Amino acid sequence: MQSEPRAGCGAAIVVDGRILLVRRLKEPEAGAWGLPGGKIDLFEPAAAATRREIAEELGIAIQPVDLLCFVDQIDRAAGTHWVAPVYLVTDFGGEPVNLEPTKHDGMAWFALDALPEPLTTPTRAAVAALRGR
């Protein structure tokens, strides 16, 4: 059980009406499709953490400047609480590859109107924010 919220970050990478998702192997929400991202390190700005996490997970370079939404992921039953900014990314350098196969067993582009199930909590929040724009 956590004694305080933890900080994460994510990127909604959307190109030509499709979003890049990864399927999680680890909790929270193992087995669900989600946004790439991860934990923010102590004293690391959220945008820098997002840039680092995406490079580590997918091997691509992004510039996270457009804050899409903020996620409050609370699971009282599991005793966890994560907070995370999610950045909208519409351009990147390189070709995405799953560089962390122990964390993700799938990576794919999905049309925003044909998303897989289940989706992680942050992904549902990001898709709702995209639709609200």
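**Entry 1. Gly-37 and its contacts**

I looked up what Gly-37 touches in this predicted model. Setting aside residues up to four places away in sequence, I found Gly-37 touching Cys-9, Gly-10, Glu-53, Ile-54, Glu-57 and Lys-103. I placed Gly-37 in strand 4. Its relative accessible area is 12%; buried means under 20%, so I entered Gly-37 as buried. I also noted the separation of Gly-37 from Ala-12: 25 residues in sequence, and 9.2 Å in space from C-alpha to C-alpha.

**Entry 2. Gly-8**

I next turned to Gly-8, which is found in strand 1. With a relative accessible area of 5%, Gly-8 is buried. Apart from neighbours within four places in sequence, I recorded contacts of Gly-8 with Gly-38, Lys-39, Ile-40, Trp-82, Val-83, Ala-84 and Pro-85. From Gly-8 to Arg-18 I counted 10 residues in sequence, and the C-alpha atoms of this pair are 23 Å apart.

**Entry 3. Helix 1**

Two partners of Gly-37, Glu-53 and Ile-54, led me to helix 1. Helix 1 runs over residues 46-58, 13 residues in total. From its first C-alpha to its last I read 18 Å, close to the 18 Å expected at 1.5 Å a residue.

Which residues of helix 1 are buried? I listed Ala-49, Thr-50, Glu-53, Ile-54, Glu-57 and Leu-58. Viewed down the axis of helix 1, these buried residues fall within an arc of 130°, so they line one face of the helix. The spacing follows a general pattern: an α-helix has 3.6 residues a turn, so residues three or four places apart point the same way.

I then asked what covers the buried residues of helix 1. The cover includes strand 1 (6-15), strand 2 (18-24), strand 4 (37-39), strand 6 (80-89) and strand 7 (104-111). Just after helix 1, I noted that Gly-59 takes a positive phi of about 70°.

**Entry 4. Backbone exceptions**

I searched the backbone with one rule in mind: most residues other than glycine have a negative phi, and most peptide bonds are trans.

- The peptide bond from Glu-27 to Pro-28 is cis, with omega near 5°; I located Pro-28 in the loop between strand 2 and strand 3 (33-34).
- Glu-29 lies in the loop between strand 2 and strand 3, and I read a positive phi near 65° for Glu-29.
- The peptide bond from Glu-117 to Pro-118 is cis, with omega near -10°; Pro-118 is found in the loop between strand 7 and helix 2 (121-131).
- Phe-43 has a positive phi near 70° and is found in the loop between strand 4 and helix 1.

Is Phe-43 buried or exposed? At 77% relative accessibility, I entered Phe-43 as exposed.

**Entry 5. The largest pocket**

Lastly I examined the largest pocket, which holds about 750 Å³ of space. I found 33 residues in its lining, and those nearest its centre are Arg-24, Pro-28, Gly-38, Gln-73 and Trp-82. Pro-28 had already appeared in my notes, at the cis peptide bond from Glu-27. Gly-38 and Trp-82 had also appeared, as contacts of Gly-8.

Which elements each supply at least two residues of the lining? I recorded strand 1, strand 4, helix 1, strand 5 (66-75), strand 6 and helix 2. Strand 6 gives the most, with five residues. By class, I entered 11 nonpolar, 12 polar and 10 charged residues in the lining of the largest pocket.

Technical notes
Residues numbered from 1 in each chain as written. Predicted model: local features only at pLDDT ≥ 70, side-chain atom pairs only at ≥ 80, totals over all residues. Heavy atoms only, no water. Helix = DSSP H or I, 4+ residues; strand = E, 2+ residues; numbered from the N terminus. Expected span 1.5 Å × (residues − 1). Buried < 20%, exposed > 50% of the residue type's maximum accessible area, 1.4 Å probe, protein only. Arc of directions from axis to C-beta. Contact = heavy atoms within 4.5 Å. 1 Å grid on protein atoms, 1.4 Å probe; cavity = no way out; pocket = protein on both sides within 12 Å on 5 of 7 lines; lining within 4 Å. Points joined across faces, edges and corners; volume = space filled by probe spheres on them. Nonpolar A, V, L, I, M, F, W, Y, C, P; charged D, E, K, R; others polar.
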